[in-house]
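Q: Could you take me on a close look at one part of this structure? I'd like to start with its sheet and see what surrounds it.

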Amino acid sequence: MKVNPSELWRRNHPWAPLYAFALGRPPIAVAGGRLLMNTDMRLLYRAIEEIGALPAGSAVLDVPCGGGVALRGIRPGQQLRYVASDIADAMLERTAEVARRLEVDVELQQADIAELPFTDGEFDLVVSFTGLHCFPDPHAAVVEIARVTRSGGKVSGSFVVSNPARVYTPVLAVGRTAGLLGPSCTVDDVRTWLGETGFGAIEVTTSGP
C-alpha cells in the first residue's frame, strides 16, 4: 500500500524532531545539506531574512512551518500578522515554543496545504521552505499557495527537485521508501503551475550539481 507522506508527518514520524532540530541550528543544517545533497542551505536562511524587510501590517503565511525556523526572520516590534500552519500538531507545538523564545506573536493553524482554510489573497507573503518535496500532491499545494497570496504579493520557498543529479538519487529513494517524501516536481513544473494561477515570471536560485 502506498504511504501518504502527509500522514506520516502528521503522526510526528521520528525524523520530524531531527529535522526541526537541524534546521533550527544553521551550522548543522548547512553542513548536512552540503554532505547529503551538495546544496547550500545558506540560501534558505537568506530567504528567511527577507521576512524582516516587510512593512508593518503585512500578513505572512508560513506553510508548512515545521519547527518554526522561519520565525527567526521576524524583527522585534515588526508588527506583522504571522500565521504558522502545518499538518502536524507536534510541529505547531515546536513553532509555538520558538515563538515564545523569540518573543514574537504568531497565529497557529493546523491545516492540510492542499485545502488551506484561508480566503483568496489573504497574505502579502507566503513562505514554504523545504516542504514541497514532502507533499503527496505538489501541484495542489502550489495552487493553494497561489490562491491565498494577494495580487502583487510574493511567494518564497525552497524544495528538492524531482530530477536531481544521479549521485543524490539514493537520498530521495530512501526518503520515498520511508514514506517521508512525495513525488516532488521540477522548477519548470512550478513555473507552469504558478503561471496557470496568474503569477508572472518567477525568480529561481539553484544549488547543487
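A: What follows starts at the sheet and works outward from there. Before we dig in, keep in mind that this is a predicted model: local features need pLDDT of at least 70, side-chain atom pairs count only at pLDDT 80 or more, and totals for chains, interfaces and linings use all residues. Residues are numbered from 1 along each chain as its sequence is written, and side-chain values use heavy atoms, with hydrogens and water left out.

Let's look at the sheet. It is an open one, made of 5 strands in the order β3-β2-β1-β4-β5, with parallel pairing. Two strands pair if DSSP finds at least two bridges between them. The names come from DSSP runs numbered from the N terminus: helices are H or I runs of at least four residues, and strands are E runs of at least two. On the edges sit β3 (107–110) and β5 (149–158), each of which pairs on one side only. From one strand to the next, the twist averages 20°; for angles like this, axes are lines fitted to C-alpha atoms (for helices, over the stretch in contact), and values run from 0 to 180 degrees between N-to-C directions.

Now zoom in on β1, residues 59–62. This strand is joined to β2 by 4 bridges, and the two run parallel. On the other pairing, 3 bridges join β1 to β4, again running parallel. Aspartate 62 is a handy landmark here: alanine 84 stands opposite it in β2, and valine 127 stands opposite it in β4. Follow β4 onward and you find 6 bridges to β5, also parallel. One spot to find there is valine 126, whose bridge partner in β5 is valine 155.

How covered is β4? Of its 7 residues, 6 are buried. Buried means under 20% relative accessible area, exposed means over 50%, and partly exposed is in between (1.4 Å probe, protein chains only). One residue of this strand leads us to the aromatic rings. The structure holds 1 aromatic pair. The ring centres of phenylalanine 118 and phenylalanine 123 are 5.2 Å apart and the planes stand at 90°, so this pair is edge-to-face. Here's the rule: rings of Phe, Tyr and Trp (its six-membered ring) pair if their centres lie within 6.5 Å, and planes under 30 degrees apart count as stacked, over 60 as edge-to-face and the rest as tilted. Phenylalanine 123 is buried, at 0% relative accessible area, and phenylalanine 118 counts as buried too, at 8%.

Next, the nonpolar packing. A nonpolar core is a set of buried Ala, Val, Leu, Ile, Met, Phe, Trp, Tyr and Cys residues joined through side-chain atoms within 4.5 Å. The largest one here has 37 residues, and the members touching the most others are Trp9, Leu23, Tyr45, Ile51 and Tyr82. At least two core residues each come from α1 (5–10), α2 (15–23), α4 (42–49), β2 (81–86), α5 (89–102) and β4 (123–129). There is also a second, separate core of 21 residues, including Ala111, Ala146, Val148 and Cys185. Back in the largest core, the contacts of tyrosine 45 (heavy atoms within 4.5 Å) include Leu23, Pro26, Val30 and Val69, leaving out residues up to four places away in sequence.

Finally, the charged links. A salt bridge is a side-chain nitrogen of Lys or Arg within 4 Å of a carboxyl oxygen of Asp or Glu, and a search of the whole structure finds 8. In one of them, lysine 154 meets glutamate 50 at 3.0 Å, N to O. Lysine 154 is in strand β5 and glutamate 50 in the loop between α4 and β1, so many places along the chain that they are 104 residues apart. In another, glutamate 122 meets arginine 81 at 2.9 Å, N to O. Glutamate 122 lies in the loop between β3 and β4 and arginine 81 in strand β2, so this pair ties together parts 41 residues apart in sequence. Glutamate 122 is partly exposed at 23%, and arginine 81 is partly exposed at 28%. A further salt bridge joins aspartate 120 to arginine 147, with the closest N and O atoms 2.7 Å apart. Aspartate 120 lies in the loop between β3 and β4 and arginine 147 in helix α6 (residues 138–147), so the pair ties together parts 27 residues apart in sequence. Aspartate 120 counts as exposed at 58% relative accessibility, whereas arginine 147 is partly exposed at 25%. Shared partners also join Arg81, Glu107 and Glu122 into one salt-bridge network.
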